[in-house]
Amino acid sequence: MTAPCTIRAALPSDEAAWRQLWSGYLDFYRVDLAEETTQRTWRRILDPESAVLCIVAEVEGQVRGFAHCVVHENTWETQPVCYLEDLFVAPAARGQGVAATLIEWLRNAMRAEGWARVYWVTKADNARARRLYDRFAPVDDVVRYMIRSA
């Protein structure tokens with residue numbers, strides 16, 4: 001990383017930067033979400049009662065990446081677990097350690113908060129991200145299934 005990267009909770013003043021990154025994230029996954037969903041996601045990020053957390057990576061005063069997480073109870077451990085739902089870094093900031101710093105922050109939070117684990121999924125063909133993720137944990141043999149309501 002060329003400049004120091006600061007990880008912190010998202011603030012109301014980060015909305016414009018977050019929206020730009022969020023748009024890039026949705027483009028990457030070829031998803032078109034309703035504006036209502038984006039607005040609700042942002043409200044949950046800022047709501048201290050919500051299980052949705054958002055940390056941002058700031059480099060030279062600019063928000064360059066984010067991680068959305070959901071901390072939840074589970075049936076396999078006695079401690080809560082953290083699901084890293086979304087991780088995104090601005091294209092211009094990739095390869096500079098921003099994503100690794102976000103994951104490392106979560107690993108430290110896991111220890112500090114007493115979470116049993118941090119886990120995430122990615123597309124099988126997301127080779128660049130998987131090279132990073134392989135530095136933190138081995139891939140497991142879980143296959144995901146999803147039933148949608150609509």
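## Why these labels? Exposure and salt bridges in a predicted model

Me: What makes aspartate 32 count as exposed?

Reply: In this predicted model, aspartate 32 has a relative accessibility of 76%, and the label exposed is given over 50%, so aspartate 32 counts as exposed. This residue is found in the loop between H1 and H2.

Me: Why is arginine 8 called buried, and why is glutamate 58 called partly exposed?

Reply: Arginine 8 has a relative accessible area of 19%, and buried means under 20%, so arginine 8 is buried. Glutamate 58 stands at 21% relative accessibility, and because a residue between the cut-offs of 20% and 50% is called partly exposed, that is the label glutamate 58 receives.

Me: How do you know that arginine 8 forms a salt bridge with glutamate 58?

Reply: The closest N and O atoms of arginine 8 and glutamate 58 are 3.0 Å apart, and a salt bridge requires the side-chain nitrogen to be within 4 Å of the carboxyl oxygen, so the pair meets the definition. The two residues belong to distant parts of the chain, with arginine 8 in strand E1 (residues 5-9) and glutamate 58 in strand E2 (residues 52-59), 50 residues apart. Arg8 and Glu58 are also linked with Asp14 in a network of salt bridges.

Me: What makes the contact between glutamate 35 and arginine 19 a salt bridge, and which parts does the pair tie together?

Reply: From N to O the distance is 2.9 Å, and the cut-off is within 4 Å, so the contact between glutamate 35 and arginine 19 is a salt bridge. Glutamate 35 lies in helix H2 (residues 35-46) and arginine 19 in helix H1 (residues 15-28), so this pair ties together parts that are 16 residues apart in sequence. With 40% relative accessibility for glutamate 35 and a relative accessible area of 26% for arginine 19, both values fall between 20% and 50%, and therefore each residue is partly exposed.

Me: How do you know that glutamate 77 forms a salt bridge with arginine 117?

Reply: The closest N and O atoms of glutamate 77 and arginine 117 are 3.2 Å apart, and the cut-off is within 4 Å, so these two residues form a salt bridge. Glutamate 77 lies in the loop between strand E3 (62-72) and strand E4 (81-89), while arginine 117 lies in the loop between helix H3 (98-113) and strand E5 (118-119), so the pair ties together parts that are 40 residues apart in sequence.

Definitions and conventions: Residues numbered from 1 in each chain as written. Predicted model: local features only at pLDDT ≥ 70, side-chain atom pairs only at ≥ 80, totals over all residues. Heavy atoms only, no water. Helix = DSSP H or I, 4+ residues; strand = E, 2+ residues; numbered from the N terminus. Buried < 20%, exposed > 50% of the residue type's maximum accessible area, 1.4 Å probe, protein only.
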